[in-house]
Amino acid sequence: MQATIPCNLVKLVKFLQCRGISIAVRTCSSSVGNPVKQECPPQTPPYLTLHGQWPSTDRAAFLTGMTVLPNFITEAEEQSLLDEIEPYLRRMRYEFDHWDDAIHGYRETERKHWFPANRAIFDRVKQLAFAGETLPYIHVLDLTAEGVIKPHVDSVRYCGTTIAGLSLLSDSVMRLVRTNDEEQTNADYRQIFASNREDKYWSDVLLARRSLYIMKDIARYKFTHEILAGQDSVFKERHVDKGRRISIICRNDP
């Protein structure tokens, strides 16, 4: 019996192949007379590591909901984006406090209108990461080399099921820690700081320069995410030299 590959996986595989990135797709089948539909346990991709004791259901849902596409944009496309946003960012000061204490050492803005070549990049993001429309304003977040994004869950007031971000200028490590429903429903500002980490399970994700990350569903709602500070920026026992980092983030409707 021929195994069926989901449509979104086909799109992802084709995109990676166009970029010259090979990817192995596994299919599972039953060896008994009457074929029985069988789920493959998802493989851990090379761009993330899992820590702690993961329940199998959360592990499978997280690996589906957290994706990183390396080299999603070219060097020329990265420069084109920087040429558009840098003149505006240079007029802004870096901030060291935030309304919910989530970010330190940052400046940010939103843009609705983009140069045509850059708009074409976001059209690719939209086609690959979102099932429907995205919010018209695209978030630009500029983090100093010393800046950090603390553990938080983005408010459901501002974005829906999916967040997709381009990483410019620097590699970095994102950490996602499973949080419980009581923490999730914090009425003040949904700001969660991971405590008692030995009782939790989490993932470290390498966000390489010029990659696109897509965070959706359980990864978006049930895990805090943070960008690790320079001294803590380690992936697979290798220090990741985080410099100044700009992320350009698309979201869908709440």
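Before I turn to the model, one term is needed: two strands are said to pair if DSSP finds at least two bridges between them. What you see above is a predicted model, so please keep that in mind through everything I say.

With that term in hand, let me start with strand E2, which covers residues 66-69, and with its neighbour, strand E8, which covers residues 212-216. These two strands pair in the antiparallel sense, and the pairing runs over 4 bridges, which means that the requirement of at least two bridges is met. If you would like one pair of residues to look for on the screen, take valine 68, whose bridge partner in E8 is tyrosine 213.

In a regular strand, the side chains alternate between the two faces of the sheet. Which residues of E2 lie on one side, and which on the other? Met66 and Val68 are on one side, Thr67 and Leu69 are on the other, and all of them are buried, so that both faces of the strand are covered. Leucine 69 has a relative accessibility of 1%, and it counts as buried because the cut-off for that word is under 20%. The C-alpha atom of leucine 69 is 9.0 Å from that of tyrosine 47, a residue 22 places away in sequence.

Just ahead of E8 there is a residue with a backbone angle worth pointing out. Arginine 210, which sits in the loop between strand E7 and E8, has a phi near 75°, and that is a positive value in a residue other than glycine. Arginine 210 is buried, with a relative accessible area of 16%. Glutamate 237 is not a glycine either, and its phi is also positive, at about 65°. This glutamate 237 belongs to the loop between strands E10 and E11, and, with a relative accessible area of 82%, it is exposed.

Let me move on to the helices, and in particular to H3 and H4. The axes of H3 and H4 come within 9 Å and cross at roughly 120°, and the crossing is left-handed. On the H3 side the contact is made by Glu77, Ser80, Leu81 and Glu84, while H4 contributes Ala117, Asn118, Ile121, Phe122 and Arg124. Sorted by character, the residues of this contact divide into 4 nonpolar, 2 polar and 3 charged.

Those charged residues bring me to the salt bridges. Side chains of opposite charge can pair when their charged atoms come close. How many salt bridges does the structure hold? There are 10, and I will go through a few of them.

Arginine 124 and glutamate 77 meet through their side chains in a salt bridge, with a distance of 3.0 Å from N to O. Because arginine 124 lies in helix H4, residues 116-129, and glutamate 77 in helix H3, residues 75-89, this pair ties together parts that are 47 residues apart in sequence. Arginine 124 is partly exposed, at 24% relative accessibility.

A second pair joins arginine 111 to glutamate 84, and here the closest N and O atoms are 3.3 Å apart. Since arginine 111 is in strand E3, residues 103-111, and glutamate 84 is in helix H3, the parts tied together are 27 residues apart in sequence. Glutamate 84 is buried, with a relative accessible area of 5%.

A third pair is glutamate 133 with lysine 126, whose closest N and O atoms are 3.1 Å apart. Glutamate 133 is exposed, at 55% relative accessible area, whereas lysine 126 is partly exposed, at 26%. There is also a network of salt bridges, which links Glu86, Arg107, Asp142 and Arg244.

I will finish with two residues from other strands. Leucine 141 is in strand E4, residues 138-152, and counts as buried at 6% relative accessibility. Leaving aside residues up to four places away in sequence, leucine 141 touches a set that includes Ile103, Tyr106, Arg107 and Ile246. The C-alpha atoms of leucine 141 and glutamate 110 are separated by 8.7 Å, with their positions 31 residues apart along the chain.

Threonine 162 is in strand E5, residues 162-168, and is buried, with a relative accessible area of 6%. With the same neighbours in sequence left out, threonine 162 touches, among others, Ala129, Phe130, Ile214 and Cys250.

Methods. Residues are numbered from 1 along each chain as its sequence is written. This is a predicted model: local features need pLDDT of at least 70, side-chain atom pairs count only at pLDDT 80 or more; totals for chains, interfaces and linings use all residues. Side-chain values use heavy atoms; hydrogens and water are left out. A salt bridge is a side-chain nitrogen of Lys or Arg within 4 Å of a carboxyl oxygen of Asp or Glu. Buried means under 20% relative accessible area, exposed over 50%, partly exposed in between (1.4 Å probe, protein chains only). Axes are lines fitted to C-alpha atoms, for helices over the stretch in contact, and angles run from 0 to 180 degrees between N-to-C directions. A crossing is left-handed if the near helix is turned anticlockwise from the far one by less than a right angle, and right-handed if clockwise. Contact means heavy atoms within 4.5 Å. Ala, Val, Leu, Ile, Met, Phe, Trp, Tyr, Cys and Pro count as nonpolar, Asp, Glu, Lys and Arg as charged, and the others, Gly among them, as polar.
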